[in-house]
Amino acid sequence: MDFDYSEDQQLLHESVQRFVRENYSFEARRQLVATEQGWSDAHWAQFAELGWLGIPFPEEHGGLGMSGVETMVVMEAIGNGLVAEPYLSTVVMGGGAVAAAGSDEQKAEILPAVAEGKCKLAFAFAERQARYNLQDVEMRAEAANGGYRLSGMKSVVFGAPTADRFVVSARTAGGSRDADGITLFLVDKEAAGLSVRGYPTADGLRAGELTLDGTPGDVLGEVDGGLPAVEEVVDRAIAAVSAEAVGLMGTLNDMTLEYLKTREQFGQPIGRFQVLQHRMVDMFIAHEEAKSMAMMAAMRIDEEDADARKKAMSAAKVQIGKSARFVGQQSIQLHGGIGMTDEYAAGHYFKRLTMIDRSFGDNDYHLRRYAAL
Amino acid sequence: MRIDIADRDRAFRDEVRAFIRERLPQDVRDKVRDGSLLTRDDVVDWMRAVSERGWMCPNWPETAGGPGWTPSQRFIFEEESYLACAPAPVPFGPQMVGPVLLAFGTEEQKARHLPGILSSGTIWCQGYSEPNSGSDLASLGCRAVRDGDHYIVNGRKIWTTNADWADWCFALVRTDNSGKKQDGISVLLIDMSLPGVTVRPIERFSRMSDFNEVIFEDVRVPVSERVYDEGKGWTCAKYLLGHERSGTAGVGLCRQRLDRLEEIDDGRDPEFSRRIAETGAALEDLRWSFLRMVAAKEADDEIGPEASLLKIRGTEIQQDVMELLMEAQGYFAHPFIERALAQGWNEPPVGPSEAAGATAFYFDWRKASIYGGSNEIQRNIIAKAVLGL
């Protein structure tokens, strides 16, 4: 077992960290998320040029054929800088779905375009009534004229407003909570009957509600047998946001520690008070624990045994959730009034951490899944 | 960064399992599984079996009698030992005295003491805390006054685990109190059979007793048993802290108890199952933190303040596991037949076989966040050494 970066991983780490340092000052980020699109095409082009958009895809489809560890390296930097580009939705989730379920033809068509920055994807799996249950799918897909037509709604689709294509889970058989009978479809943003209602999310990112009304879709993967691919993609998202959360907590802890050393009250830096020292130590521990689990998740996400992978990702998500909540809440507390202001970065890190906790299953959900596996 | 279980590790795991299966007596295994009290013979016989195989001192260099294991092999050995319900060895000789002697001892001291540790022929205890020196260990006052070729030792050590079983004591004593409190401390190796050494067991409210008060009254210790320079004992004590790596923060112990909990849990109370899962996930984190911070490092790397982090989280999780195991007993947490925990009890248990031990262990394990530097002291260490506060 090796916990050090390989030479290539080290180079990637330095390159993404440099990007964040040079492009993501908190002020620049604030201005960026306030724009209509909420992220930058120029950044996206830079990601493509540096190869980051093809990291997990096979080399024959224009990718770099790298492992979960490289995705972790990128996602941690995304967390460090509170990066707003739709990397998670396009590369990890949309691209992950095509790579997991697509035919060779579909992969050849889509993955190189994603890697080149020409095609953005979004993964539409959640529905209003489903909460975190991945097999609660009411979106219907009916066979018609040799193809399928989809009708129904998908909720809180990350990256939806700027996606060129969607991967949509829909029911082709069975009742609304059955594991069988779910199929994935590729749906073009221009497809008839599709409407996207975009909006900003609490963390300054973008998502949208999808309404489909007899919208044509191409089958991606196995008809009626799409659930394992949905689970795999969501697990990949868990591994990715685990790393992102580690990056967020790292920056937040640095910021808080610096504040403890410089803010003076009662004639001394507040970091001299043992009660605050111990709080800060517990935040440090929470971050280190999250790091261990993000690394574990990155190293085990490509595991072939699906149950072992799911159990591992649930354990990771539970710890990430606990650490994120503690570090987030306490960093605001230790900053006092300044921590409550919009012009100070801490609150924005806290918001993203909190939204990660509200994504892909919360602690209750993952403790149940962990106990059941 | 990559995960790979080398074939060598797999084969090693099988070898360890086979060894334990062959050598660990069933009755000792059952006692460990049910949390009953172990006798000195239960523990020492097992240590000698491990010694015969050459596995007693995994973190010693091969030239000194260590087995030459990789860090991951050391982890596997400890994990498998716990999972198979083998008794934990008395750690003070192999894990503390040995490494200190290897680093600071004279050739003569090594020749005198290391063979007994390797063979488990001598059992050691550690004389650190005193009635007035707990968290503030460097304030210790147990006096050693030079008298020719001997030191005359007077003072009291307290909370001394396994002193009642030990042949020797590795003690911090004060040889000088004219300067800074850290200066003037020396390390003496004290033969527990010397005149003037008294061991008094201290009963814990858990009714499990393995700690003691050790009283030294005019004990004459040869100067040849002083480790390193006079007045430099604090250096040895700090060295131990930085190199204490063989413990796995209780990962194996917790895994073993959680396996038992999962066996016991019938799933009728989903809230309880959920809490087992929560602790299981926390333990999974501890295991990976341990692998990342300790097992993946080279044998001679110093373990920094990570050791404090692992101590804090390890003991917190241990305490959670002990609490869950007690809670799992429901009303059967109540019966407490003291003899049921001891050797030779062969009446049928009241309730499940692990019930009596579960309650005793819950109470007893409150010690874990206090010993070895309380968890508050560990937080002070991280605040200072890592965060610069």
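How many residue pairs are in polar contact across the interface of chain A and chain B? The rule finds 10 such pairs, both residues at pLDDT 80 or more; a polar contact is a pair of N or O atoms within 3.5 Å, where within protein one must be able to donate a hydrogen and the other to accept it, and residues adjacent in sequence count only if both atoms are side-chain atoms. The model is predicted, with local features needing pLDDT of at least 70 and side-chain atom pairs pLDDT 80 or more, while totals for chains, interfaces and linings use all residues. Residues are numbered from 1 along each chain as written, chains are lettered from A in the order written, and side-chain values use heavy atoms, without hydrogens and water.

The contact (heavy atoms within 4.5 Å) draws 39 residues from chain A and 32 residues from chain B. About 3,400 Å² is buried between the chains, 67% of it from carbon and sulfur atoms; buried area is the accessible area (1.4 Å probe) lost when two parts are put together, summed over both. The interface also holds 4 salt bridges, defined by a side-chain nitrogen of Lys or Arg within 4 Å of a carboxyl oxygen of Asp or Glu. D364(A) pairs in a salt bridge with R274(B), with the closest N and O atoms 2.3 Å apart.

Within chain B, 7 residues of domain 2 are in contact with 9 residues of domain 3. These two domains bury about 730 Å² between them, and S206(B), R207(B) and M208(B) supply 57% of the area that domain 2 buries there. A salt bridge joins the side chains of D364(B) and R204(B), at 2.6 Å from N to O.
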